[in-house]
Structures are given as structure tokens and as C-alpha cells.
Amino acid sequence: MSTTTPGIAGRADALLGLFDGPGIDLLLVSELVNVRYLTGYTGSNGIALIGPDKLAFVTDFRYVEQAAAEVDQRFERFHTAGAVDLTKKLPELLGSAPLRLGFDEEHTSVGAHRRLAELLGPQVTLVPAGGLVEELRRRKDAEEIAAIAAAQQLADAAFEALVSKPIIGRTERELALELEQDMRLRGASAPSFDSIIAGGPHGALPHASPRDVAIESGQLVVIDWGAMLDGYASDCTRTVAAGEISDRARDAYELVLRAQVSALDAVRPGADCNAVDKVARDIITAAGHGEHFGHGLGHGVGLEVHESPTLSLRVAPGADKLAVDDIVTVEPGVYLPGEFGIRIEDLVVVTDGAPRVLTSVPKALRVVD
Ligand code: ZN
Ligand code: ZN
């Protein structure tokens, strides 16, 4: 359990400022990560109700003490005796006046929506209002930036420990387990996603999972890993050489590095999310590898390892721009089927000037025995 983060106090008020968009009187917050963001609660069953005159939090009997310790004091706390479906508490919280209740349509099944409508009756109009909390979560406050920086620092240290020892002859799975265990020993609650350690041709699959296959001399090895610390994620990729690699692999590494550094420099407030991707993509395309960079340049990182904004050619030009205190990854790659993959990923904070890079692991090609 932790004490309430100071930054939490203003979040519900900021959320109220977004109610005019969908035209709602109250918002039902059901995604746990959003409940945590607004209330401070870190348990595994909780919902929140946010309105101009109502801040309510509901959990079940198992979490009463935890909620008392964690939930922001401005929220009135309720709990159900046995029911795990917390929405059963809503009718008494909402009263009998007609109202428009926002809900998260992105995370509500058709069945759950039907049950909710039956439970609340005709005076409550259910209005799709997903994405409002996510919009707020995008811009990080000082405490959040510090938490993400600390998660990245921890992950960096675990990586340094991993590659300070030989990797040739060890399996991808062994290396992934060692990295994840080391992050936990250093204080991480979990890896922020399943680590990727992929040698040689396996590295050409951007989402490769570790195999019981040993790293061989002469391979490039893609290592993509992150830590969860105090609820916040980190995300980083490095590609290392296991012994001596071919000139072709070395050239491709230098290309990805050049694209990565150029795109990093384009991470500025007001920069178009499509255009930042294009900076890296143009460099890789000019070198003849355009079709070998099959994913977007980057994504936001916070309470979740993938959140808003998205840096990608799939975001329409002009549709989204970076803003101060966005935290994003910059991770171009080149993947040559049957040969190797290369990805270099840093985690950065958008500032008024040059981006603040949270990743401390060097990017010059590293040769590990
Ligand atoms: Zn990553
Ligand atoms: Zn990433």
C-alpha cells in the first residue's frame, strides 16, 4: 500500500472539464488503471463515479482497509458485502433523477452494457464516453515523470548487469528470466511486458518471444524489456552483437541508429505525430529498407506500457501533435526475414526544448561475448 500521490487531487476536477464533449452528468470509471489514476487505489476490484457534486469509490469487502489507506480523501467510499460486481451499488449512489451517465464503451462488453441498463432503469441514459481519462493520463505530472524515470533507471541497471556477462551459448529464455528476476530483485513489481530476447533470424519478428535456443556467435540480439515500479512502466530496446557480426549487419545497425537519433531530435512540442514517424521512416526508406520497418515509431508510456499518443504513419497528418510532458518511445527498426532484426528504443519526455531522454544505456553497437 502507498500513500495518496499529491498529483491526484486535481485529476477529477480536470476530468469534469471534459464532460461537455460527450454531454454527460456523471462518469462511471471501470478500468482499474483509470480508477488508480483518479483515486490512488491499487487493488484489483474497484470502480469510481465522478461528477460535479459526487466523487464516489466502490470496492468489495476484501479491499475496505486498503481503500481507506489509499483512496483520495475527497472520494466517499462504499463497498459491497459479497458481490464482486460492484455496479450493483450504483442504483443507490445515482438516486432517482434522470441523468446521463458516461461509460467506457471500449472496455464494456455488450452483455455488461445490457445488465447495466437493466440495473439502472430508464431514467439513466448510458452515454459512450471512453477515452476521457486516457486523454488526461497522456500528460504526465512531475511525480509521474519521476516514477517513470525511476522505472527506466531500474531496467537500465538490470540490462547492464545482463550484458556485462557472456551471452553466447545461453538460451533466449535463460537470459529473459535472468533479466526479469534481476528487475524484481531491484524492486520492480513485475516486468512491464513479456521481455523479448531474440537472436539472429528470430530477431526479425518484432514481437518474438524467447525460445529455448542458444545465442550464437555472429548474431544480432534484440532485447526489449521494461519494469513496473510504483505502478508505472518503462520500455526500452537495445540490439547487441554476440561476438563479431557481418558488415551488412553493422551497416544496418548504423542506419537504424541514425534514424533513431534523427527522430529523437524531432520530438518537440507541436510536432505532428505522423511527421515524427516520417523522419525515421524517410531515412530507412532512402537506404532501401522501407518495407523492413513494419511498425510505428513509438507510443506513450505511463501506467500502461502502451498508451496515448501514437507516433505512426497510421495517425493521419495533422490529427495529433506532441505536447510538453507527453512521454513517448522512439523505436525505429529494420527486420530482414531469415537474417536479423534491429530495433533501438529510448523513452523520452517532451519538454520545451530538446527531449529529456530517460534511457541511460548507450546506443553505440555493443559487442558482447
Ligand atoms: Zn519496447
Ligand atoms: Zn515500445
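Three exercises with worked solutions follow, on a predicted model.

Residues are numbered from 1 along each chain as its sequence is written, with chains lettered from A and ligands numbered from 1 in written order. In this predicted model, local features need pLDDT of at least 70 and side-chain atom pairs count only at pLDDT 80 or more, while totals for chains, interfaces and linings use all residues; side-chain values use heavy atoms, without hydrogens and water.

**Exercise 1. Describe the site of the zinc ion (ligand 1).**

Step 1. Collect the donors, which are N, O and S atoms within 2.8 Å of the metal (3.2 Å for Na, K and Ca); water is not among the atoms, so sites may look incomplete. Asp 224 supplies two OD entries, Asp 235 an OD and Glu 345 an OE, at 2.0 to 2.7 Å.

Step 2. Classify the geometry. Four donors are tetrahedral if all angles lie between 85 and 135 degrees; four are square planar and six octahedral if opposite donors are over 155 degrees apart and all others between 65 and 115; anything else is irregular. Here the angles run from 53 to 147°, and the site is irregular.

Step 3. Place the donors in the sequence. Their spacing is D-x10-D-x109-E. Asp 224 lies in strand β9 (residues 219–225) and Glu 345 in the loop between β17 (340–343) and β18 (346–349), 121 residues apart; strands are DSSP runs (E, at least two residues) and helices likewise (H or I, at least four), numbered from the N terminus.

Step 4. Check burial, using relative accessible area with a 1.4 Å probe and protein chains only: buried is under 20%, exposed over 50%, partly exposed in between. Asp 224 and Glu 345 are both buried.

Step 5. Look for a neighbouring metal. The zinc ion (ligand 2) is 3.1 Å away from ligand 1, and Asp 235 coordinates both.

**Exercise 2. Describe how domain 1 and domain 2 meet.**

Step 1. Set the bounds, which come from an automatic or database domain assignment: domain 1 is 8–135 and domain 2 is 139–368.

Step 2. Count the contact residues, with contact meaning heavy atoms within 4.5 Å. Domain 1 gives five residues and domain 2 gives eight.

Step 3. Take the buried area, the accessible area (1.4 Å probe) that two parts lose on being put together, summed over both. The result is about 530 Å², 50% of it on carbon and sulfur atoms. On the domain 1 side, Val 33, Arg 36 and Tyr 37 lose the most, together 67% of what that side buries.

**Exercise 3. Locate Val 279 and list its contacts.**

Step 1. Val 279 sits in helix α10 (residues 273–286).

Step 2. Its relative accessible area is 28%, so Val 279 is partly exposed.

Step 3. Leaving out residues up to four places away in sequence, Val 279 touches Ser 262, Ala 263 and Ala 266.
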